[in-house]
Amino acid sequence: MNEKSTRKVWFITRPERDPRFHQEALLALQKATNDFRLKWAGNREVHKRYEEELANMGIKRNNISHDGSGGRTWMAMLKTFSYCYVDDDGYIRLTKVGEKLIQGEKVYENTRKQVLTLQYPNAYFLEPGFRPKFDEGFRIRPVLFLIKLANDERLDFYVTKEEITYFAMTAQKDSQLDEIVHKILAFRKAGTREREEMKQDIAAKFDHRERSDKGARDFYEAHSDVAHTFMLISDYTGLVEYIRGKALKGDSSRINEIKQEIAEIEKRYPFNTRYMISLERMAENSGLDVDSYKASRYGNIKPAANSSKLRAKAERILAQFPSIESMSKEEIAGALQKYLSPRDIEKVIHEIVESKDDFEGINSDFVEAYLNEKDNLAFEDKTGQIFSALGFDVAMRPKAKNGERTEIEIIAGYGGSKFGIIDAKNYAGKFPLSSSLASHMASEYIPNYTGYEGKELTFFGYVTANDFSGERNLEKISDKAKRITGNPISGFLVTARTLLGFLDYCIENHVPLEDRAELFVKAVKNKGYKSLEALLRELKETS
């Protein structure tokens, strides 16, 4: 993608600027879609009907577009705040927070949470149809960023609309707060001519649109309306005050209270990296309501004295595991024993494992490391750790029955007396399950591991770092294996993202560790799964 064509400035869909009416927008959508039973994707009649219902609610002017584009714009806003998403079949699926707004439960708290946790990237902005795309460097929560700016003593507890447009909205990371503060201070101290030059430079550097010789003025006209919207939704949180058309104002008298609340928000709702796994998983997780979202166990280690250093060290060590929630105390102690004293291990286990808050979701550091793993052995090890977190009894690189050589990377035991064999393929591009590879699995791997440790071999599978092909060869492996061993053995192909997504789904939906392996095996039907949605659809049809 042409670097100039990507967005480098904040953007938000804004048919309705006031979050107070997000609930009404959802209720109108529910009515227009017959309680979400009507297909949304490509259904222009439903899009137009949504506009009509919005007008009936009194939150949209009664001018209905010819093609339903107005309805799609409102839907984009609801997806931006993760109240809902459109599934693979084109139907609208409410997230938990969307359901709560429909039910009228804690409407202000839930809406406020969605505003505060709005982030780039998010599920809507990553959809294939969203253009132009945001620059890949974005990792920021814009509303929280603005609240911090407006409550910064160095800026005298205010930030103007102009400063937001030219400086705040060009920030791509939460860590740029100090940088933006210093740029705003320099802008305030500059003379008129120097200010114009600064604005011209920003327009030339950050605007993805075709430029004219009016540079800075065009930039302001194009982006100040977005700044206005962000100022309004920031005001909704109660952590800043919007001075209409002029500035966001912090509150010096409440600064300690505000800082404490921001810290609690960041602890309770960590930055969502599930876009690396699945847009649906990201939407569902970003759309958790205030009562179902629990803090990370990491957040409960008190940042006093040396314990913050201990926390950081524990996080670095445990980042190699996909889910702390799926590990026993003994496993955590084993992971830490090379690095920490017995007393420190006891403290970490007490503060992380036995805290009143449950660890919710998958380890984001592990996700990033796994999906970008270059080392083949490390990819295999991480794949084994995921199957362990799914409740399988995992053995890495086990020797075949003859005890002389290792042929398969992973044995995944389950149910006490059953197991599967898994091949992890860390191909940079597409992994092709060719006829020769299929023949090797059927005539070598399966016979050589049948009866391993007196257990029944029930499945085989491939986990691929990226895309795959050759799904039809799974059936051929099964047929040949049955002829050789006399036993029916099915297989699967699954991408690393899909496997991670399934683990995340199990954790978030409180599927007990002892049930996860059996649930996964139900989807082993000589099929390939390139998305979590496809895997879950198969499980739904099976049940």
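The chain holds 22 helices and 13 strands, and the model is a predicted one. Its radius of gyration is 26 Å, which agrees with the value near 24 Å that a compact globule of 543 residues would have. The C-alpha trace spans about 80 × 60 × 45 Å along its principal axes.

**Overall packing and surface**

- Buried residues make up 54% of the 543 residues of the chain.
- Among contacts with a separation of 6 or more, 69% are between residues 24 or more positions apart.
- The exposed area of the chain is about 24,600 Å², of which carbon and sulfur atoms supply 46%.
- The chain carries 85 positive and 85 negative charges, and the mean positions of the two sets lie 2 Å apart.

**Strand E12 and its partners**

- Strand E12 covers residues 490-495, and 5 of its 6 residues are buried, so the strand is largely enclosed by the rest of the structure.
- Strand E10 (residues 456-464) runs parallel to E12 and is joined to it by 6 bridges; in this pairing, phenylalanine 460 stands opposite glycine 491 of E12.
- Strand E13 (residues 527-529) also pairs with E12 in the parallel sense, over 3 bridges, with leucine 493 opposite glycine 528 of E13.

**Helix H1 and its surroundings**

- Helix H1 comprises residues 22-32, and its buried residues are His22, Gln23, Ala25, Leu26, Ala28, Leu29 and Ala32.
- An α-helix has 3.6 residues a turn, so residues three or four places apart point the same way.
- The buried residues of H1 pack against four helices and two strands, namely helices H2 (44-57), H3 (69-80), H4 (96-103) and H5 (107-116) and strands E1 (84-86) and E2 (92-94).
- Asparagine 34, just after H1, adopts a positive phi of about 55 degrees.

**Cis peptide bonds between H5 and H6**

- The peptide bond from tyrosine 120 to proline 121 is cis, with omega near 0 degrees, and proline 121 lies in the loop between H5 and helix H6 (142-150).
- Arginine 131 and proline 132 are likewise joined by a cis peptide bond, for which omega is about -15 degrees; proline 132 is found in the loop between H5 and H6.

**Positive phi values between H6 and E3**

- Aspartate 156, although not a glycine, has a positive phi of about 60 degrees, and this residue lies in the loop between H6 and strand E3 (158-160).
- Aspartate 156 is exposed, with a relative accessible area of 55%.
- Phenylalanine 157, found in the loop between H6 and E3, has a positive phi near 60 degrees.
- Phenylalanine 157 is buried, with a relative accessible area of 16%.

Definitions and conventions: Residues numbered from 1 in each chain as written. Predicted model: local features only at pLDDT ≥ 70, side-chain atom pairs only at ≥ 80, totals over all residues. Heavy atoms only, no water. Rg over C-alpha atoms; globule rule 2.2 N^0.38 Å. Buried < 20%, exposed > 50% of the residue type's maximum accessible area, 1.4 Å probe, protein only. Contact = heavy atoms within 4.5 Å. Areas by Shrake-Rupley, 256 points an atom, 1.4 Å probe, with all protein chains shown as cover. Lys, Arg positive; Asp, Glu negative; His and termini not counted. Charge placed at Lys NZ, Arg CZ, Asp CG, Glu CD. Pairing = 2+ DSSP bridges.
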